[in-house]
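Visitor: Hi, could you walk me through the charged pairs in this one? I'm new to this.

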Amino acid sequence: MSRIGKRPVDLPSGVEASISGQTISVKGPKGTRTFTAADDVTLTVEDNAVSVTPRGKSKRARQQWGMSRTMVENLVTGVTTGFKKELEITGVGYRATMQGSTLKLALGYSHDVNFDVPEGVTVTAPKQTEITVEGIDQQLVGQVAANIREWRSPEPYKGKGIRYKGEYIFRKEGKKK
């Protein structure tokens, strides 16, 4: 039995969930999100909690059970508190600034990198060496942060590049004389 799937997802005050078929729609203070579950699970809303139960004992039903419960929990978290990824920029002359809905990155290339921020995500640069990506969709927030990091991943010799806040970069010694 799925230990994750057994627990119902509690709906905090101000959050409403409605189910039509296999699609659950969660509405909260930050917005509305939907998720369509697989046919192997059943979604039910009862006394301010969403519960997910498998249909049958097949391996696929058990897999979808825990995954669907986690997806519903992510919907509730997204519409209440939202998701946030913080990036740090390390390197001489490396900096980030916001100009409208475009993130301008100076990363040691011969040109500045203009990163257009997709809809549904807010990107801010509180300092020149910090970038914050926020939104209600966990997958989209993580993907945008990964796309920004991809422009200059941290290298192992001097640690220069864009890294997640708190990320450990394995450092190498370099060549000896």
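Guide: What follows is a short chat about salt bridges in this structure, which is a predicted model.

Visitor: How many salt bridges are there?

Guide: The structure holds eight salt bridges, and we can look at some of them in turn.

Visitor: OK, what does Glu86 pair with?

Guide: The side chain of Glu86 meets that of Lys165 in a salt bridge, with a distance of 3.7 Å from N to O. This pair links distant parts of the chain, since Glu86 belongs to strand β7 (residues 83–90) while Lys165 lies in the segment after β13 (161–164), 79 residues apart.

Visitor: And which residues make up the network around there?

Guide: Lys84, Glu86 and Lys165 are linked in a network of salt bridges.

Visitor: Why does Lys165 count as partly exposed?

Guide: Its relative accessibility is 45%, and partly exposed covers what lies between the 20% cut-off for buried and the 50% cut-off for exposed. Glu86 is also described as partly exposed, with a relative accessible area of 30%.

Visitor: Switching topic, what does Arg149 bind to?

Guide: Arg149 forms a salt bridge with Glu167, and their closest N and O atoms are 2.7 Å apart. Because Arg149 sits in helix α3 (residues 138–150) and Glu167 in the segment after β13, the pair ties together parts that are 18 residues apart in sequence. Glu167 is partly exposed, its relative accessible area being 24%.

Visitor: Last one: what is the partner of Lys127?

Guide: Lys127 forms a salt bridge with Glu130, where the closest N and O atoms are 3.7 Å apart, and Glu130 counts as partly exposed at 23% relative accessibility.

Notes: Residues are numbered from 1 along each chain as its sequence is written. This is a predicted model: local features need pLDDT of at least 70, side-chain atom pairs count only at pLDDT 80 or more; totals for chains, interfaces and linings use all residues. Side-chain values use heavy atoms; hydrogens and water are left out. A salt bridge is a side-chain nitrogen of Lys or Arg within 4 Å of a carboxyl oxygen of Asp or Glu. Helices (H or I, at least four residues) and strands (E, at least two) are DSSP runs, numbered from the N terminus. Buried means under 20% relative accessible area, exposed over 50%, partly exposed in between (1.4 Å probe, protein chains only).
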